[in-house]
Amino acid sequence: MQLEGKVIIVTGGASGIGGAISRVLLRRGAKVVAVDLNAEAGAKLKEEAGDSLAFIAGDVSKQETADAAVAAAVENFGGLNGLVNNAHASRQAPFTDLDQAAWDLSFNTGFLATRQFMLAAYPHLKDNGGSIVNFGSGSAMVGQPTQAAYASAKEAIRGLSRVTANEWAANNIRVNVVSPMALTDGVKAWSQAFPDLYEQSLTKVPLGRFGDPETDVAPVVAFLLSDDAKYVTGQTLMADGGANKLY
Ligand SMILES: NC(=O)c1ccc[n+]([C@@H]2O[C@H](COP(=O)([O-])OP(=O)(O)OC[C@H]3O[C@@H](n4cnc5c(N)ncnc54)[C@H](O)[C@@H]3O)[C@@H](O)[C@H]2O)c1
């Protein structure tokens, strides 16, 4: 499915799954505003993409970053059609060891950022419709040990997505969630910190491998952003090799 004529913001869009999403959307003809803390990865992406991409270096938990991303979409590309809330930083530890900073990190970069970007995008989507893709996690759905702060924020994002899918349907704004499983640098670091949990997760993937961000996850996001998905809203799509059945 093609995305010509669509302007899409991708948070955490310079590396990992977000970097793969930015690249796939660009290849399919979209204009992309990528937002990321990692300015170096952003500069590399900008060099590859040229005028079809605007890069905003910033922390997604700050309101000013959401405002800057929306302004960049309007100023560079004349409007906004889609939003991918992909960025989410977190720390893992047993519930009793998670301090306030860990809860703040997960809720500010995950839930709060998703809320702020959706609200900043809304005035530009409400008249012509649009598609929002938020990010969930299978580990949140099954209650993976050590993930209390992350899982709670992820399920809050899914709750918000279902409510806004209903509230904004009248504006033809679709809101869906993708729950991926992909071998990124973040997952590699997690697998080194918790090798037993990593091996355990792998045995539970019917398709037998962690996904590839670019060929296994980004195309699912592209589908939800495209007109092919114009009758799909309020859903969670599992791009996880069958690891978790839908809850
Ligand atoms: N990788 C997986 O298997 C997996 C599984 C379940 C859910 N997810 C979800 O998929 C999404 C992407 O995961 P990933 O593995 O690519 O993550 P990652 O950590 O590899 O990459 C995240 C990107 O977001 C950026 N980022 C981090 N904090 C930021 C902030 N405060 N402001 C702006 N940018 C920030 C990073 O610089 C990076 O470019 C996340 O929502 C994650 O929770 C991933």
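UniProt positions are given here in the numbering used for this chain, and such annotations may be inferred rather than shown by experiment. With that in mind, the UniProt record, an unreviewed entry, carries the annotation "domain: Ketoreductase" over residues 6-190. What you're looking at is a predicted model. Below is a quick tour of the annotated span, the ligand site, the salt bridges and a couple of odd backbone angles.

**The annotated span**
- Residues 6-190 are 51% helix and 18% strand.
- The C-alpha atoms at the two ends of that span sit 34 Å apart.

**Around the ligand**
- The ligand has 26 residues around it, and the ones that come nearest are Ser15, Asp36, Asn86, Tyr150 and Ala182.
- Sorted by character, the shell gives you 11 nonpolar residues, 12 polar ones and three charged ones.
- Three helices each put at least two residues into that shell: H1 (16-27), H6 (148-167) and H7 (185-193).
- On the oxygen side of things, a ligand oxygen atom is 2.8 Å from a backbone N or O atom of isoleucine 17.
- For ligand nitrogen, the side chain of aspartate 59 offers an N or O atom at 3.0 Å.
- Valine 60 joins in through its backbone, with an N or O atom 2.9 Å from a nitrogen atom of the ligand.
- The protein buries 86% of the 820 Å² that the ligand exposes when taken alone.

**Salt bridges: the lysine 6 pair**
- The whole model has eight salt bridges.
- One of them joins the side chains of lysine 6 and aspartate 227, with N and O 3.0 Å apart.
- Lysine 6 belongs to the segment before strand E1 (7-11), while aspartate 227 is in the loop between helix H9 (213-225) and strand E7 (236-239), so this pair ties together parts 221 residues apart in sequence.
- The two partners fall into separate accessibility classes: lysine 6 is buried at 16% relative accessible area, whereas aspartate 227 is partly exposed at 48%.

**Salt bridges: the arginine 23 network**
- Glutamate 48 pairs with arginine 23, and their closest N and O atoms are 2.8 Å apart.
- That link spans distant parts of the chain, with glutamate 48 in helix H2 (residues 39-49) and arginine 23 in helix H1, 25 residues apart.
- Glutamate 48 counts as partly exposed, because its relative accessibility of 48% falls between the 20% and 50% cut-offs.
- Lys44 is in on this too: Arg23, Lys44 and Glu48 form a network of salt bridges.

**Salt bridges: the 126/127 pair**
- Aspartate 127 and lysine 126 also meet through their side chains, at 3.7 Å from N to O.
- Aspartate 127 is exposed, with 62% relative accessibility.
- Lysine 126 is partly exposed, at 32%.

**Backbone angles worth a look**
- Threonine 146 isn't a glycine, yet its phi is positive, at about 80°.
- You'll find threonine 146 in the loop between helix H5 (138-142) and H6.
- Threonine 146 is buried, because its relative accessibility is 16% and the cut-off for buried is under 20%.
- Asparagine 172 is another residue other than glycine with a positive phi, in this case near 60°.
- Asparagine 172 sits in the loop between H6 and strand E6 (173-180).

Definitions and conventions. Residues numbered from 1 in each chain as written. Predicted model: local features only at pLDDT ≥ 70, side-chain atom pairs only at ≥ 80, totals over all residues. Heavy atoms only, no water. Near = heavy atom within 4 Å. Polar contact = N/O pair within 3.5 Å; in protein donor to acceptor, adjacent residues only side chain to side chain. Areas by Shrake-Rupley, 256 points an atom, 1.4 Å probe, with all protein chains shown as cover. Helix = DSSP H or I, 4+ residues; strand = E, 2+ residues; numbered from the N terminus. Nonpolar A, V, L, I, M, F, W, Y, C, P; charged D, E, K, R; others polar. Salt bridge = Lys/Arg side-chain N within 4 Å of Asp/Glu carboxyl O. Buried < 20%, exposed > 50% of the residue type's maximum accessible area, 1.4 Å probe, protein only.
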